[in-house]
Amino acid sequence: MDKIKILWADDEIDLLKPQLLFLEKKGYDVVTVTNGHDALDEVENNNDFDVVFLDESMPGITGLETLSKIKEGNPLLPVVMITKNEAEHIMEEAIGSQISDYLIKPVNPNQILLTLKKIIDNKRLVREKTTSDYQQEFRMLSMQINSGPKFEEWVEVYRKLIGWEIKMDHSESVAMSDILSTQKQEANSEFCRYVSKNYENWVNETAEAPAMSHNLMRRKIFPHLTEERPTIMLLLDNLRFDQWKVIEPIISELFRVEEEDFFYSILPTATQYSRNAIFAGLMPVDIEKMHPTLWKNDTDEGGKNLHEADFLEAQLKRTMRKPIKFDYTKITNVANAKDLNDNILNYLRNDLTVIVYNFIDMLSHARTEMEVLKELAGDEKAYRSLTRSWFLNSPLWTALQRAAEKDVQLIVTTDHGTIRVNTPSRVVGDKETTTNLRYKVGRNLQYEKRDVLDFRDPKQAGLPRPNISSTFIFAKGDAFFLYPNNYNHYNNYYKNTFQHGGISLEEMICPVVRLRSK
């Protein structure tokens, strides 16, 4: 490996011999100059420097002027400013000029070594530490996965897996990422077994159950409504926990996280069922009973999520002791987003404002259909990155920045998550069978039993029965349903796409995060 090459510019370079000798013994190659002009000549004539140490006070041109000229021609070259002067404006100007570090004289050798490690060896050190830490936790996580976790313990398993995924993103450790992916598949297999065994008891309230879609508002939202400040409930359709974790640092610039909690999406983990259940405060079978003119089954004509505001209003009247002033708005296009931005301060006159934002769901669907998005969001890491980039530049973040100027409670949640599917599973059904890839409802369904959780009586799962012989089936893990017709074509088309509706950690365990403006 080539030596790391350092340019050190200081008019008192002779006084730095101990530091220079120390660096040479450590294997660094150091070129020294005594003024800014010579530093610029060296940088211009030797474009192989890895880092520049720059004294702020030198004769001729100052360190800051030298820094500015270096950055003009070499914007990516790391520069460390060294100075006797602790004046705040000099520090601020240097930092504003994108220095990599700032040291105050006298500098000792270990300070310099630490700076070099941060700048030059940062990725390698992070990768090695992340790999070492994950290797130590791998066995503990495996034991936890196979110890029969309860629903709250599954949340912790999932939280840990996502934490490691995001650390692996930063460390770029490919080998460890592959091992983590295998461990996550193992976790999903056990989680599917657990849900299959317990789901019916949760729905029918014959066993202790997690907070779920149909009681999310009662358990996690309504208890936190207060007259002291308005509440914005932001429901990002199709937001997974890992996507929340990559936008959290952005939101946390202006909002303080007070509680990071979870709920379990009902099955199917699809908008038509889970989101209607959230706003109605009822399981779908009960929505159909209580609001027969508003509920639509999969095979019914018309939009399936057109009455969420009506459901929410009915739930508020049914649940709250006193009237709640609320607004419901759904963002599905750029014009809606602009309206949100324009009206966000008006919404703060309400006790509760519900904003449903559909971008992430549209992104997952568009990725299935558009080759360019398959390339941009090829895997979970890229999907997270695309989510973060969208949020940072979205009208939604602009609106939240305006809201953060007031004393506001913000609750960020979703209706369900999504999983990248890879395992095709054959299904045979009649022409009335639904087309969803992660769940199906139909008559006389034939399917691979090992790949599904089935309910021949949908009411056992809290679901309406469109037909007297209707069966619901839900895909487990990363399976997706294909009909025998054109099997290979659709396998190639849908494999490695993000889908929802079935049973997985990613689809069912959903974040609900309570924040307050700083």
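This is a short tour of one predicted model, stop by stop, with residues to select at each.

The model is predicted, and residues are numbered from 1 along each chain as its sequence is written; local features need pLDDT of at least 70, side-chain atom pairs count only at pLDDT 80 or more, and totals for chains, interfaces and linings use all residues. Side-chain values use heavy atoms, with hydrogens and water left out.

**Stop 1: a sheet**

Select residues 439-443, which are strand β13, and 452-455, which are strand β15. Helices (H or I, at least four residues) and strands (E, at least two) are DSSP runs, numbered from the N terminus. Add β16, residues 470-475. These three strands form an open sheet in the order β13-β16-β15, with antiparallel pairing. Two strands pair if DSSP finds at least two bridges between them. β13 and β15 are the edge strands, each pairing on one side only. On average, neighbouring strands here are turned by 20 degrees against each other, direction ignored. Such angles run from 0 to 180 degrees between N-to-C directions, with axes as lines fitted to C-alpha atoms, for helices over the stretch in contact.

Which residue of β16 is the bridge partner of V441? Select F472 to see that partner. In total, five bridges join β13 to β16.

**Stop 2: salt bridges**

The structure holds 37 salt bridges. A salt bridge is a side-chain nitrogen of Lys or Arg within 4 Å of a carboxyl oxygen of Asp or Glu.

Select E507 and R438, whose closest N and O atoms are 2.5 Å apart. E507 lies in helix α20 (residues 505-508) and R438 in the loop between β12 (423-428) and β13, so this salt bridge ties together parts that are 69 residues apart in sequence. Both E507 and R438 are buried. Buried means under 20% relative accessible area, exposed over 50%, and partly exposed in between (1.4 Å probe, protein chains only).

Next, select K118 and D101, which meet in a salt bridge of 3.2 Å, N to O. K118 is in helix α5 (residues 109-120) and D101 in strand β5 (residues 101-104), so the pair ties together parts 17 residues apart in sequence. K118 is partly exposed at 45% relative accessibility, while D101 is buried at 14%.

Then select E313 and K317, with closest N and O atoms 3.6 Å apart. They are four residues apart in helix α13 (residues 308-319), separated by about one helical turn. E313 is partly exposed at 33%, and K317 is exposed at 64%.

Last at this stop, select E165, D169, K184, R240, D242, R384 and E506, which are linked in a network of salt bridges.

**Stop 3: the largest pocket**

Select S181, K184, Q185, E380 and R420, which lie nearest the centre of the largest pocket among its 31 lining residues. Its volume is about 800 Å³. On a 1 Å grid over the protein atoms alone, a pocket is an open set of points where a 1.4 Å probe fits, with protein on both sides within 12 Å along at least five of seven lines; lining residues have an atom within 4 Å of a point. Grid points are joined across faces, edges and corners, and a volume is the space filled by probe spheres set on the points.

Which element gives the largest share of the lining? Helix α8 does, with eleven residues. The elements giving two or more residues are α7 (151-171), α8 (174-203), α17 (380-392) and β11 (419-420).

**Stop 4: two cysteines**

Select C192 and C510. The whole structure has zero disulfides, a disulfide being a pair of cysteine sulfur atoms within 2.5 Å. The sulfur of C510 is 14 Å from its closest cysteine sulfur, in C192, too far for a bond. C192 is buried at 3% relative accessibility, and C510 is buried at 1%.
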